[in-house]
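Work through the exercises below with the model in view. Try each task before reading its solution.

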Amino acid sequence: ASRYLTEEAASALERAVVAFDEMKRLPYYAPLVHWQGPYDINFNEEWFPGTEPSGPVWDKARVPLAQHLETNAEAIAAELALLVERGSLDALHLENLKSEGQDHAPEEGWRTMEFMANGGWD
């Protein structure tokens with residue numbers, strides 16, 4: 001929000017906080033005491049009550065991409081760090097911004113970026 005449409009983003013966040021506060025007053029959501037604000041909402045927790053993340057859902061031996069990412073994590077992290085250092089990562093993120101999955105993360109939080117779409121590199 002600090003880069004564009006600051007007033008609109010502030011207004012939307014203000015409305016989200018009001019809606020969140022109203023939601024937390026309902027008996028269904030009141031027990032979720034660790035939900036302190038809109039950014040804390042986790043619908044997986046709501047849809048699958050009583051479960052806690054315990055690691056990957058799939059056996060990584062059955063997901064070749066997971067094996068590749070783990071094997072090359074250091075090189076991938078170094079390449080992404082270089083993009084951050086050059087100031088290129090934000091431009092790539094905003095250039096390929098898709099609305100889904102981008103509307104809830106704090107600016108300093110994790111971001112989703114698509115490198116491939118529709119069978120080709122973005």
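Of the 122 residues in the chain, 9% count as buried, where buried means under 20% relative accessible area, exposed over 50%, and partly exposed in between (1.4 Å probe, protein chains only). The model is predicted, so local features need pLDDT of at least 70 and side-chain atom pairs count only at pLDDT 80 or more, while totals for chains, interfaces and linings use all residues. Residues are numbered from 1 along each chain as its sequence is written, and side-chain values use heavy atoms, with hydrogens and water left out.

**Exercise 1.** State how many helices and strands the chain has, and give their pattern.

Solution. Step one: count the DSSP runs, taking helices as H or I of at least four residues and strands as E of at least two, numbered from the N terminus. The count comes to five helices and two strands. Step two: read along the sequence, which gives α-α-α-α-α-β-β.

**Exercise 2.** Find the residues of the largest nonpolar core and follow the contacts of phenylalanine 20.

Solution. Step one: a nonpolar core is a set of buried Ala, Val, Leu, Ile, Met, Phe, Trp, Tyr and Cys residues joined through side-chain atoms within 4.5 Å. The largest one has five residues: Phe20, Met23, Tyr29, Leu32 and Trp35. In soluble globular proteins, nonpolar side chains tend to be buried together. Step two: list contacts, meaning heavy atoms within 4.5 Å. Leaving out residues up to four places away in sequence, phenylalanine 20 touches Trp35, Gln36, Gly37, Pro38 and Ile41.

**Exercise 3.** Isoleucine 41 is buried, partly exposed or exposed: decide which, and locate the residue.

Solution. Step one: isoleucine 41 sits in the loop between helix 1 and helix 2 (43-47). Step two: isoleucine 41 counts as partly exposed because its relative accessibility is 26%. Step three: with residues up to four places away not counted, isoleucine 41 touches Phe20, Met23 and Trp35. The C-alpha atoms of isoleucine 41 and phenylalanine 20 are 9.1 Å apart, with the two residues 21 apart along the chain.

**Exercise 4.** Which side chain of opposite charge is nearest to lysine 24?

Solution. Step one: lysine 24 belongs to helix 1 (residues 6-24). Step two: Lys and Arg count as positive and Asp and Glu as negative, with His and the chain ends not counted. The nearest opposite charge is aspartate 40, 8.5 Å away. Step three: buried lysine 24 has no salt bridge, a term for a side-chain nitrogen of Lys or Arg within 4 Å of a carboxyl oxygen of Asp or Glu.
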